[in-house]
Amino acid sequence: MGEHGEGVGDWGTGRLGDRKPYPFSRTIVTHPSRQTGAKITAYTRPLANLIEQLQRLPGVGPKSAQRLALHILKRSLPEVEQLAKALIDAKQQVGFCQVCFHLAAEPTCEICQNSQRDDHTICVVADSRDVIALERTREYHGKYHVLGGVISPMDGIGPEQLNISSLLQRINRQDVKEVIVAVSPTVEGETTTLYLGRLISPLTKVTRIAFGLPMGGDLEYADELTLGRALEGRRVVDA
Ligand SMILES: [Zn+2]
């Protein structure tokens, strides 16, 4: 007993573990734990865990997370196992295309592998979601290059954090006749477009898609028609 020899401090660190040290009064201990425990007691622990995990997904608030979790519980075990397997398979099997950095389950994506598509045109986008959006228009038959973001000094993202050197290598290696910059018209998007224009215009023709799209909007959410027209109306980037 009392071997630690550190006096009063022992109370706070030892047995109470992670809990904030309220060593001297049980009433003080129970009061805050009842407060923080209010959320947890509504659900059994595994359900609370599931809701917490779902809530980490983008666009899922507490209510949606609860609705999804309760829906999952209603489904059969094989169905839930399929869902869990799909999550793990996608995470394990999907990576980036070595050429264009679009999502791919093989070393190169299906678009890069497709010999029907025009090798002389590269459309540069910020994100794989933009490739999917542009593919939906069925207006574009060239290849892509996914930057992996846009230049954003505020977030510490400079050109060297993006897939830009690989784009230049592609332009030098392939006979690229046109690079179409299709980046959302935000402040960061404009910075990125102008940067790429200056970098690439000495090497080949650089165009940017025209925007019948709202400023500050997201390429991903544009309808096919607007996006298709924007692609048709692309123009040369002023260097
Ligand atoms: Zn690819």
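## Close-ups of α9 and α7

**View 1. What the buried side of α9 packs against.** The buried residues of α9 pack against β3, α8 (165-173), β5 (178-181) and β6 (205-208). This is a predicted model, where local features need pLDDT of at least 70, side-chain atom pairs count only at pLDDT 80 or more, and totals for chains, interfaces and linings use all residues. Numbering runs from 1 along each chain as its sequence is written. Helices (H or I, at least four residues) and strands (E, at least two) are DSSP runs, numbered from the N terminus. Buried means 20 or more other C-beta atoms, placed from the backbone, within 10 Å of a residue's own.

**View 2. Along and around α9.** Which residues of α9 are buried? They are Gly189, Thr192, Thr193, Leu196 and Ile200. Because they cover an arc of only 100° around the axis (taken from the directions from the helix axis to the C-beta atoms), they sit on the same side of α9. As for length, the 14 residues of α9 (187-200) should span 20 Å at 1.5 Å a residue, and the end C-alpha atoms are indeed 20 Å apart; the expected span is 1.5 Å times one less than the number of residues.

**View 3. α7 and its cover.** In α7 (residues 128-137), the buried set is Ser128, Asp130, Val131, Ala133 and Leu134. Their cover includes β2 (103-104), β3 (118-125), β4 (142-146) and α10 (224-232). Right after α7 comes Arg138, with a positive phi near 60°.

**View 4. The whole chain, for context.** The protein chain has ten helices and seven strands, and 21% of its 239 residues count as buried.

Terms used: A residue is buried if 20 or more other C-beta atoms lie within 10 Å of its own, exposed if 12 or fewer, and partly exposed in between; C-beta atoms are placed from the backbone. Two residues are in contact if their C-beta atoms, placed from the backbone, lie within 7 Å.
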